[in-house]
Every structure is written in structure tokens, then in C-alpha cells.
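I opened a notebook page for this structure. The entries below follow the order in which I looked things up.

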Amino acid sequence: MSKILVLAEHDKGTVKKLTLNTLLFARQLAQKTGGSVDIAVLGHGVGPVAEALRGFGAGTIHVADHADLAYPLAGPYAKVLADLAKSTGAKVVAATASSLGKDVLPRVAARLGAGMASDVVALVDTKEGTAYRRPVWAGSLLADVVIDSPVHVVSVRSSAFDAAEAVGGASPVQAFAAQPDLAKARVRFVKFDGVQSTRPDLAEASVVVAGGRGLKPEKGGFGVIEPLADLLGGAIGASRAAVDDGYCPNDYQIGQTGKVVAPQLYFAIAISGAVQHLAGMKNSKVIVAINTREDEPIFKVADYGLVADAFVAVPELVEKLKAIKS
Amino acid sequence: MKILVSAKRVSDPNARLNISRDGKWIEGDVEYILNPFCENAIECALQLAEAHDGTETVAVGIGDDETARFIRQGALARGVDRGILVEADEAVIDSDVIARIYQGLCERERPDILLLGKQAIDGDSNQVGQLVAEYLGWPQATFASKVEIQGDEVIVQREVDGGLETIALTMPCVITADLRLNEPRYASLAGIMKAKKKPLDELEMDDLDLDSTDPKVRVVAMSTPAGRKAGVMVKTVDELVHKLKTEARVV
């Protein structure tokens, strides 16, 4: 019986949806290895987070509630998560490959003497047991890796797994006496400047409208795609080129080094489709590309391509979608 | 102040990648480039050195003789003071061994800041900076988009989900560079000439007295992901709306 410990992410007392995708990964792994799943909740004042997770079939929900964990600093977080893994005898520690998971998990691996597989998209059976499948070279290739250390650490690409559904019941909640040792960590939180948005989170949205360098500010910029995102209840994303040129916030970037998304419907507006961008969206269910140049690589992955000026086509698209919706 | 900075070479992502015969890595005529995130790290090191007199910058590459060329051209020619090449077979080492090598180098060189790219664009693991920070017991700031030294603290702005975070680290510390940290400079002709004479030490892993040199993660198979089927081109917005409604059924 190997135990899998999943780190829950939360924001303002609410469980982040991406945690449920990681939970599904953990359930799949537990099925293969005959193990069980525990959940770790780290933070300060996180009782409601643990409460919200009780219906998901976890063996135990461990709560490490400490003032020094109020903000997720990698050193203290990793120490507490590794201490918890040791005290519960967890064989696998998993978290979402979010900016937090990427920041914290390798330090957990170092503390546990564990090997780590990053950005895992599937579990595969091999002659050497269960391997973790992960994209390399911007997703041009997939590598199946095995970890030889007794404990494994895994970051999970949430777009590759559905969200785990609640199964009922009420998992026991257990307090863990966290010792974050923040004073020894030589790091201090200064501030967080959040992107204010009423739209859904990019990584969680079922519709994503992404803009590229073709959306020049002097022509109207990202303003042209906002009505489309709002009409469909979607999030706005961007290519790296558009972010680099300052057309939109950093947080919008989709691609190899930005966010990886797989919504039901993805609009690539005035995006050429460099391999680094495709790495972040090519698993979307339906891809629509609008671009003035018909030879752009984005059309090779699009289900529907339209050669047109975005500043003309997108407003028309919004009007016609409104018409069929009413 | 002393800054140790990474100069990793990676195979060009735009070149064709062929899976090797044993199915465990790539082979063939691979073109190499300097890892883009290392270019940002090198630029950051140079800017910090320019702003703080008496700073020494040292570039590190891990690999074979070819890697030395990337240390010279990518780092020394741009202005980094000297280089260190650690010889290792990149095909068999994992992020953990690389982190152990950096740990050994930091114990030997005692830098105030270890500056690395946030990830290498071949393995895409995004682990080394965090691992070495833990092995050394140093604070870390990953995904840095702004780095400033104020007194004995380094103030780092980080690109995280949902916005920008600012944290303050006490040196010595580890920083990993994100793309928007800076615009890497080009090497000048004078820089390229000077680089030829700059010291470049070559070390073996055995020289570093490492705690562990066994990889923990092994590739057992490589594959090519299933490609998307080519879609259709539509002529008008009307046709697009029609297909989205009746064929894809997503609106």
C-alpha cells in the first residue's frame, strides 16, 4: 500500500480547481499501485479549505496551519510538506505544475532524497513498472520516465487530467504540527500585485480567446477580442510575442514557458503558431485560427481556419454569435 | 560580490528531433543554441556587475568540449569574467545530478548569487535552481522578472500565476531567470576577441567531491505525440459560425 500525498492549492479560502485535476491523477496512480490518497493543506486559517475537500475520498486531510505559512514561500513550504510526507510515510508527493508547485516541489524532492518528474501528462505501464509520461522539447516529444528513488515527487499538468468528482463521505481532518522555520529561511514576502479580472482563470476556462502580435495597439489591440471572450464566458490568453511587446499582462502567456491550457474551444487570433505557443494549447478540443497570412503554422493545428483581418472578422463573429444565441 | 551563472547549451527546438535507436533520447545532427533562459541569467549577472563595482562573474557549463564553445561565445564574449566547464555526459545525468554539481561548485566558489535559467528548453524540467537551493540551504527566487540589490538583500519580482510577486532574499541565494527579466545583449567584436583569452577551467565531476552522482530519474522510452488532424479552411465568418454551431457544437 503506497500512500500518495497531494498538495491542495487554495486562494482566499477556496480550493483551486486545478487541485481536483491533480487529485484525479493521484486516484489513477493509486488504482495502479493499490495505494491510497491523502491531501495536504498548508497555509494560515485554512480550515474551510480542508472542509471543502472532505467529500473527495481522501484517506486523511492533513492541515498544517501556521502564521509562517500565510504566504507560500518555497523554503518553509517545502520543509513542512517534506516533514508531513515523512511523518505519514507517503511514497509519492504530487502537486499541480502551477507556479507554486514548480517552485516548491523540487525542494521537497531534495529533502526526501526523491527523484522528481515534472509536468506529468499520463501514467504508462512499462516493463519497469508504472512510468510517468512528460512532454520534452516543448511537447515535440514525450518521455516516459521511471524514478529509482523510494519516494517519488511529481508535478502534474492539470490540462491533461479531468477534475476529480466528489465521491461523498467525509474524510477525517487531522492537524499537523508544522514547523516552517521561516526565521531561518532568509526570505521575506514583500508584496503581490494581482491581475484584476472578472473573467475565469485562464488555466480553468472552457473557452480561451488568445491574441498575438498581430493585435497591434494602434489598431485597437486586445480590446478587439474582449467582447468575444465575454460573450462566451471565456478567458483571455496571449502568445509570448504579444506579452513581450507589452500588449497584455505576463499572466496571459500561453506556451512552453507560460500556461498550458486545453479548453473545449480555443481561438488563436492573429497568432502565428510558433512551436513554443503550440506547446501550450495544441491539446485544446476545438481550435479556431484567424490570421491574415494563410501560410502561418497555426493553420496546421486549427480545426477551423479563417484568413482574415482580426479587426474586421472578430467584431463580425461577435455579432453573428450574439444573433444565434438570442 | 561574486555571481555564478549558468550557460547551458540545448538542442535547437526548431530543428528536427530524431529519437535515438535505443528509444531513450535523441540523436543525429543536432543543432545547438544557448538555452534562452541562460541568456537572461547571463544578462542579469552582467547588469548587476555593472551596477556594483568589484563584482566577479563566473559562467558554468556542464557537458562535453562543445559546451566550452557556448561558455566562451555565450557568456565570456558578452562580458562574463571567467568560465568553468564541468565534464559530464548529458544523456545520462538528470536534474538532480546537475543540482549536485552546482552545489559542489557553490561550495568551492562561494558565490553570493547563483543565477540560473528557470528551465532548459530541452528537458523542460524546471528543477535545478530549486534543488540546489535546498541542497545548499539557501533561499530562492524562481521565475524572476526583476532583480535589484538593496543593502544586503536582493529584491526579486517573480512571474507567478495571477500576477507579480515580490520577495526579498538575504544572500547567498539562488535566482532563476524568466524571459522578461531583460533583453540579452549581443557580444561585441572586442568582446569576442577578449573572450579567447579569458580563463576557462575544466573540471571533472570527481573534482567536486559530490554527495551523490547517481541519477534518480531515467527515461525508459520516447515517443512522438499524436498530431492533430488537419482542419478545414472556411471562407467567411458566417461559415465559421455555422461550423462551430452544427459541426463542432461548441457555441
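**Notebook: rings, strands and charges**

I started with Phe189(A), which counts as partly exposed at 31% relative accessibility. I note here that the model is a predicted one.

**Entry 1: aromatic pairs**

I counted aromatic pairs over all chains and got three. I looked at Phe189(A) again in this light. Its ring centre is 3.8 Å from that of Tyr71(A), and the planes make 20°. Stacked pairs have planes under 30 degrees apart, so this pair is stacked.

Where do the two residues sit in the chain? Tyr71(A) is in the loop between β5 (61-65) and α3 (74-88) of chain A. Phe189(A) is in strand β13 (residues 187-194) of chain A. They are 118 residues apart, and the pair links distant parts of the chain. I checked the cover on Tyr71(A) too: at a relative accessible area of 21%, this residue is partly exposed. The limit for buried is under 20%, so Tyr71(A) with its 21% counts as partly exposed.

Next I took the pair of Trp137(A) and Trp25(B). The centres are 5.1 Å apart and the planes stand at 55°, and the pair is tilted. This pair crosses between chains. Trp137(A) is in the loop between β9 (129-136) and β10 (141-147) of chain A. Trp25(B) is in the loop between β3 (18-19) and β4 (26-27) of chain B.

Is each tryptophan buried or exposed? I found Trp137(A) buried, at 2% relative accessibility. Trp25(B) is partly exposed, at 25%.

**Entry 2: strand β6 of chain A**

I turned to strand β6 (residues 92-96) of chain A. How many of its residues are buried? Five of its five are, and the strand is mostly covered.

I then looked up its partners. Strand β1 (residues 3-7) of chain A pairs with β6(A) in the parallel sense, over three bridges. In β6(A), Ala94(A) stands opposite Val6(A). Strand β11 (residues 152-156) of chain A also runs parallel to β6(A), and five bridges join the two. Here Ala95(A) stands opposite Ser155(A) in β11(A).

**Entry 3: salt bridges**

Side chains of opposite charge can pair when their charged atoms come close. I counted 47 salt bridges over all chains. I picked out a few.

Glu134(B) bridges to Arg111(A), with the closest N and O atoms 3.0 Å apart. This pair crosses between chains. Glu134(B) is in helix α4 (residues 128-136) of chain B. Arg111(A) is in helix α4 (residues 99-112) of chain A. I checked accessibility on both sides. Glu134(B) is buried at 13%, whereas Arg111(A) is partly exposed at 31%.

In chain A, I looked at Lys184(A) and Asp181(A). Their side chains meet in a salt bridge at 3.7 Å, N to O. Lys184(A) is exposed, at 66% relative accessibility. Why does it count so? Exposed means over 50%, and Lys184(A) has 66%. Asp181(A) is partly exposed, at 33%.

**Entry 4: Arg9 of chain B**

I gave Arg9(B) its own entry. What does it bridge to? Arg9(B) forms a salt bridge with Asp64(B), the closest N and O atoms being 3.6 Å apart. Arg9(B) is in strand β2 (residues 9-11) of chain B. Asp64(B) is in the loop between β6 (56-63) and α2 (65-76) of chain B. The pair links distant parts of the chain, 55 residues apart.

Arg9(B) is buried at 6% relative accessible area, whereas Asp64(B) is partly exposed at 38%. I traced the salt bridges further. Arg9(B) and Asp64(B) belong to a network that also links Lys8(B), Glu90(B) and Asp122(B).

Arg9(B) has a ring contact as well. It lies over the face of Tyr32(B), 3.8 Å from the ring centre. I noted another such contact in chain B: Arg100(B) lies over the face of Tyr135(B), at 3.6 Å from the ring centre.

**Entry 5: a nonpolar patch**

My last look was at the surface of chain B. Leu189(B), Ile192(B) and Met193(B) form a nonpolar patch there, with about 310 Å² of accessible area together. Ile192(B) is in helix α5 (residues 189-195) of chain B. I found Ile192(B) partly exposed, at a relative accessible area of 37%.

Conventions
Residues are numbered from 1 along each chain as its sequence is written. Chains are lettered from A and ligands numbered from 1 in the order in which they are written. This is a predicted model: local features need pLDDT of at least 70, side-chain atom pairs count only at pLDDT 80 or more; totals for chains, interfaces and linings use all residues. Side-chain values use heavy atoms; hydrogens and water are left out. Rings of Phe, Tyr and Trp (its six-membered ring) pair if their centres lie within 6.5 Å; planes under 30 degrees apart count as stacked, over 60 as edge-to-face and the rest as tilted. Helices (H or I, at least four residues) and strands (E, at least two) are DSSP runs, numbered from the N terminus. Buried means under 20% relative accessible area, exposed over 50%, partly exposed in between (1.4 Å probe, protein chains only). A charge sits over a ring if NZ of Lys or CZ of Arg is within 6 Å of the ring centre and within 35 degrees of the ring normal. Patches are made of residues with over 30% relative accessible area and no salt bridge: like charges are joined within 9 Å, nonpolar side chains (Val, Leu, Ile, Met, Phe, Trp, Tyr) within 5 Å. Accessible areas come from the Shrake-Rupley method with a 1.4 Å probe; for residues, only the protein chains shown count as cover. A salt bridge is a side-chain nitrogen of Lys or Arg within 4 Å of a carboxyl oxygen of Asp or Glu. Two strands pair if DSSP finds at least two bridges between them.
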